[in-house]
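Please load the model in your viewer and keep the selection panel at hand. The stops below can be followed in order, each beginning with something to select.

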Amino acid sequence: MKVVVIGAQWGDEGKGKIVDYLAEDAKYVVRYAGGPNAGHTIVVDGKQFALHQVPSGILYPNKSVFLGAGMVIDPEALFNELQMLKDNGIDWEGRVFISDRAHIILPGYRQMDKDRDASRKRPIGTTGRGIGIAYSEKAHRDGLRLADLDWPEKMAEYDGENLAYLNKYKDKLIEMRVDLTAKMYEYRNENILFEGAQGAMLDIDSGTYPYVSSGASCSAGAATGCGIGPKDLDKILGVFKAYQTRVGNGPMPTEFNNE
């Protein structure tokens with residue numbers, strides 16, 4: 001069974017709790033889009049885990065998790081998150097894998113993200129974590145993927161702070177790197193849970209553009225971000241909440257304006 005869990009509004013609907021509940025019956029949990037966003041907060045035995053890039057299935061000791069091709073990865077934030085898990089008794093090593101087609105957020109992207117939003121006449125309200133810049137570099141065909149980390153010609157394009165940053169994390173990232181499409185085919189008869197980011201109304205194509213995220217947060221992103229066919233998805237679960245909210249700027253049909 002292949003099940004996709006998406007936020008059906010603007011995110012923050014409580015997807016993490018649903019994913020955590022369903023992960024018990026899945027063998028693998030895959031996140032297919034987004035980056036170091038606000039993420040999912042899970043409480044286990046009274047202990048709170050704030051997960052930004054790592055799928056919440058990692059909290060189960062017998063599950064493997066994958067960061068998909070549709071994601072943009074901040075290595076520093078990722079390894080801080082993994083250290084947090086280790087400090088809290090979660091043995092993640094050998095259970096966290098990253099698609100070789102996922103893109104990397106470089107250090108300078110964070111400030112570029114903030115500067116670009118500040119220069120807009122109508123700011124979007126970005127998180128300032130470099131996510132939009134990484135996706136735009138990907139679209140420009142100038143991005144850096146995990147697959148490129150041991151490609152000398154590509155790495156020769158980087159120097160200074162960026163190169164030092166990449167060299168710090170390169171070996172660790174290569175150890176976690178996989179061909180996700182091949183893995184999804186290998187595990188085609190297993191129960192796999194696909195975890196979205198944000199909500200459908202923040203999808204880059206079908207959301208309230210331009211006040212959206214930069215990735216595919218709708219259910220179709222599970223196919224494109226994980227290298228599987230859409231007909232291989234058995235169920236899609238949309239998570240709603242009764243009292244709607246949205247983070248950042250943009251229209252909202254039930255907005256209060258204090259008038």
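What follows is a walk through the pockets, the salt bridges and the aromatic side chains of a predicted model.

**Stop one: the largest pocket**

Begin by selecting N37, Q198, V212, S213 and S214, which, of the 49 residues that line the largest pocket, are the closest to its centre. The volume of this pocket is about 1000 Å³. Next, colour α1 (15–23), β3 (40–44), α3 (109–119) and α4 (131–139), since each of these elements supplies at least two residues of the lining. Which element gives the largest share of the lining of the largest pocket? That share comes from α4, which contributes five residues. If you then colour the lining of the largest pocket by residue class, you should find 22 polar, 16 nonpolar and 11 charged residues.

**Stop two: the second largest pocket**

Now select F79, L82, W92, E93 and K172, which lie nearest the centre of the second largest pocket, a site lined by 13 residues. The volume here is about 300 Å³. Show α2 (75–87), β7 (96–99) and α6 (160–176) as cartoon, because each of them supplies at least two residues of this lining, and note that α2 gives the largest share, with five residues. The lining of the second largest pocket divides into six nonpolar, three polar and four charged residues. While F79 and K172 are still on display, view the ring of F79 from above: K172 lies over its face, at 5.1 Å from the ring centre.

**Stop three: salt bridges**

The structure holds nine salt bridges, and the tour visits some of them. Select E190 and K27, whose closest N and O atoms are 3.6 Å apart in a salt bridge. Because E190 lies in the loop between α7 (180–186) and β10 (192–195), while K27 lies in the loop between α1 and β2 (28–31), the pair ties together parts that are 163 residues apart in sequence. Are these two side chains buried or exposed? E190, with a relative accessibility of 29%, counts as partly exposed, and K27, at 39%, is also classed as partly exposed.

Move on to R110 and E76, which form a salt bridge with their closest N and O atoms 3.3 Å apart. This pair links distant parts of the chain, with R110 in helix α3 and E76 in helix α2, 34 residues apart. R110 is partly exposed at a relative accessible area of 26%, and E76 counts as partly exposed at 32%. Add D74 to the selection, and you have a network of salt bridges that links D74, E76 and R110.

For a salt bridge within one helix, select K183 and E186, where the closest N and O atoms are 3.7 Å apart. Both residues lie in helix α7, three residues apart, which is about one turn of the helix. K183 counts as partly exposed, its relative accessibility being 25%.

**Stop four: aromatic side chains**

Finally, turn to the rings. The structure holds six aromatic pairs, and selecting Y28, F66, F97 and Y187 brings up one aromatic cluster. Then centre the view on Y60, where K63 lies over the face of the ring, at 5.8 Å from the ring centre.

Methods:
Residues are numbered from 1 along each chain as its sequence is written. This is a predicted model: local features need pLDDT of at least 70, side-chain atom pairs count only at pLDDT 80 or more; totals for chains, interfaces and linings use all residues. Side-chain values use heavy atoms; hydrogens and water are left out. On a 1 Å grid over the protein atoms alone, a cavity is a set of points where a 1.4 Å probe fits but cannot get out, and a pocket is an open set with protein on both sides within 12 Å along at least five of seven lines; lining residues have an atom within 4 Å of a point. Grid points are joined across faces, edges and corners, and a volume is the space filled by probe spheres set on the points. Helices (H or I, at least four residues) and strands (E, at least two) are DSSP runs, numbered from the N terminus. Ala, Val, Leu, Ile, Met, Phe, Trp, Tyr, Cys and Pro count as nonpolar, Asp, Glu, Lys and Arg as charged, and the others, Gly among them, as polar. A salt bridge is a side-chain nitrogen of Lys or Arg within 4 Å of a carboxyl oxygen of Asp or Glu. Buried means under 20% relative accessible area, exposed over 50%, partly exposed in between (1.4 Å probe, protein chains only). Rings of Phe, Tyr and Trp (its six-membered ring) pair if their centres lie within 6.5 Å; planes under 30 degrees apart count as stacked, over 60 as edge-to-face and the rest as tilted. A charge sits over a ring if NZ of Lys or CZ of Arg is within 6 Å of the ring centre and within 35 degrees of the ring normal.
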